[in-house]
Amino acid sequence: MRLLVLTPDPPAPPTKGTALRNYYLIAGLATQHTVRVLTYSPLAGEVAGALPAGVTVRTVPAPSRSLGRRLRVLLASTRPDLADRRFSPAFGQALREECDRFGPDLLMVEGLEMAPAVFALGAEGLRRSILDAHNAEYRLQAQAFRLALAERRPLAAVYAGLQALKLARFEGECLRRMRAAIAVSTEDAAALERLAGRQPLRLAVVPNGIDCTLWRPAELPPAEPPVVLFTGTMDYRPNVDAVDWFARAIWPRVRRVVPEARFVIVGRAPAPAVQALAHLPGITVTGAVPDDRPHFARAAVYVVPVRFGGGVRFKVLQALACGLPVVSTRAGASGLVPPVREALVLADDPVAFAEEVVMLLRTPARRQRLAALGRERVVAAYDWSQIWPRLLTFVDEVGRCG
């Protein structure tokens with residue numbers, strides 16, 4: 001089949017969550033189909049990094065939005081903020097041209113923010129589309145709303161609550177009108193099925209995966225003094241909340257027992273709230289780095305203090321594949337299959353979370369046992385070689401159904 005994949009950013013290089021998923025899904029699809037990518041890039045025609053063999057790409061300049069426009073959408077529009085994030089008339093025109101020239105059998109819509117371009121094609125485009133829901137977006141905002149209410153942050157609660165309502169309406173419409181959908185986890189799949197209502201939803205679960213030949217245990221010993229590590233895109237709200245909560249509610253308890261320990265936050269575009277954490281004792285904020293893996297190689301413990309979100313987090317898969325013991329909230333471990341969840345240490349209370357981190361820092365033998373178990377189970381369940389067959393089977397079924 002001919003597949004046209006719509007992505008919000010270039011899928012190469014695969015250095016962050018969205019690009020990682022898109023790159024490896026495209027690589028899997030390209031083993032059996034003809035794949036072309038339409039995406040945004042800072043400059044039209046430019047894509048940094050190598051794409052999978054045989055894949056061609058067309059780029060459109062990325063749109064920009066002023067704060068005033070965002071506020072108008074927030075206050076006056078029935079559409080969620082996300083629906084305006086990645087749409088421009090130029091992209092819509094490029095999409096129509098690709099449909100005419102390339103003649104795709106299916107459109108792979110990578111993320112809800114790409115859906116407005118397909119809506120502009122009308123019923124014909126929607127009937128050929130598969131929505132790859134990188135998150136159940138309304139669910140993420142509903143979780144953020146409940147957390148903001150519990151912490152008495154009224155402005156954050158109002159924003160998240162409004163977005164959750166708008167997203168539920170928009171996401172539900174996409175699911176009902178497109179041919180099929182893909183979810184990243186069984187939890188997200190259940191949430192999407194609720195949005196679809198009574199209409200049967202053609203849906204598959206295709207989780208995020210990991211290339212276990214690239215992400216593997218280091219031969220170097222952990223750094224001294226010991227490093228506790230967190231990685232991610234650091235202007236993404238769940239990540240910002242996670243490191244802020246860990247740094248202020250958990251880290252001081254760890255430092256009281258292991259004063260020499262260091263907390264290292266690695267990731268691009270740190271928000272001001274994240275940058276401010278670098279002033280706290282024992283905390284380093286690196287910003288963007290060429291490659292995360294050297295930081296995984298020298299860490300003693302990986303933490304996932306995430307309090308809201310969904311899907312299967314690449315950071316957890318990367319840490320386990322690198323042979324690191326992981327301490328996570330239950331929200332941070334959501335979406336993982338039970339055998340892999342069992343390889344994590346779970347704690348939701350700040351005191352319990354700190355105690356688990358301290359225990360691992362002080363007990364090398366326990367770190368090694370958890371590291372070996374995590375590596376073994378993530379290879380068995382989440383290596384891309386295990387995931388591509390279910391993706392290809394589902395796409396073939398959707399293509400045949402017409």
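Here are some questions and answers about helix contacts and cysteines in this predicted model.

Reader: How do people describe two packed helices?
Author: Let's start with the general idea. Two helices packed together are described by the distance between their axes and the angle between those axes.

Reader: Are α12 and α15 parallel, perpendicular or oblique to each other?
Author: Start with the axes of α12 (residues 314-321) and α15 (residues 364-382), which come within 7 Å and cross at roughly 125°. An angle of 65 to 115 degrees would count as roughly perpendicular, and one over 145 as roughly antiparallel. The crossing fits neither range, so α12 is oblique to α15.

Reader: Which residues meet there, and how many of them are nonpolar?
Author: On the α12 side you'll find L317, L320 and A321, and they meet G374, R375, V378 and Y382 in α15. Sorted by class, this contact has 1 charged residue, 1 polar one, and the nonpolar count is 5.

Reader: What about α9 and α14: at what angle do their axes cross?
Author: Helix α9 covers residues 237-257 and helix α14 covers residues 350-362. These two are oblique to each other, and α9 passes α14 in a right-handed crossing. Their axes come within 9 Å and cross at roughly 45°.

Reader: How many charged residues are in the contact of α9 with α14?
Author: From α9 come W245, F246, A249, I250, R253, V254 and V257; they meet P350, V351, F353, A354, V357, V358, L361 and R362 in α14. The contact has 13 nonpolar residues and no polar ones, while the charged count is 2.

Reader: How many disulfides does the structure hold?
Author: A disulfide is a covalent bond between the sulfur atoms of two cysteines. To count here, the two sulfurs must be within 2.5 Å. The sulfur of C322 is 9.2 Å from its closest cysteine sulfur, in C212, so that is too far for a bond. For the whole structure, the number of disulfides is 0.

Reader: Are C212 and C322 buried or exposed?
Author: The cut-off for buried is under 20% relative accessible area. C212 has 5% relative accessibility, so C212 counts as buried. C322 has a relative accessible area of 9%, so C322 is also buried.

Reader: Where does Q275 lie, and how far in space is Q275 from E224?
Author: Q275 sits in helix α10 (residues 272-275), and Q275 is partly exposed, with a relative accessible area of 44%. Along the sequence, Q275 and E224 are 51 residues apart. In space, C-alpha to C-alpha, they are apart by 24 Å.

Terms used
Residues are numbered from 1 along each chain as its sequence is written. This is a predicted model: local features need pLDDT of at least 70, side-chain atom pairs count only at pLDDT 80 or more; totals for chains, interfaces and linings use all residues. Side-chain values use heavy atoms; hydrogens and water are left out. Axes are lines fitted to C-alpha atoms, for helices over the stretch in contact, and angles run from 0 to 180 degrees between N-to-C directions. Helices (H or I, at least four residues) and strands (E, at least two) are DSSP runs, numbered from the N terminus. Angles under 35 degrees count as roughly parallel, over 145 as roughly antiparallel, 65 to 115 as roughly perpendicular and the rest as oblique. Contact means heavy atoms within 4.5 Å. Ala, Val, Leu, Ile, Met, Phe, Trp, Tyr, Cys and Pro count as nonpolar, Asp, Glu, Lys and Arg as charged, and the others, Gly among them, as polar. A crossing is left-handed if the near helix is turned anticlockwise from the far one by less than a right angle, and right-handed if clockwise. Buried means under 20% relative accessible area, exposed over 50%, partly exposed in between (1.4 Å probe, protein chains only).
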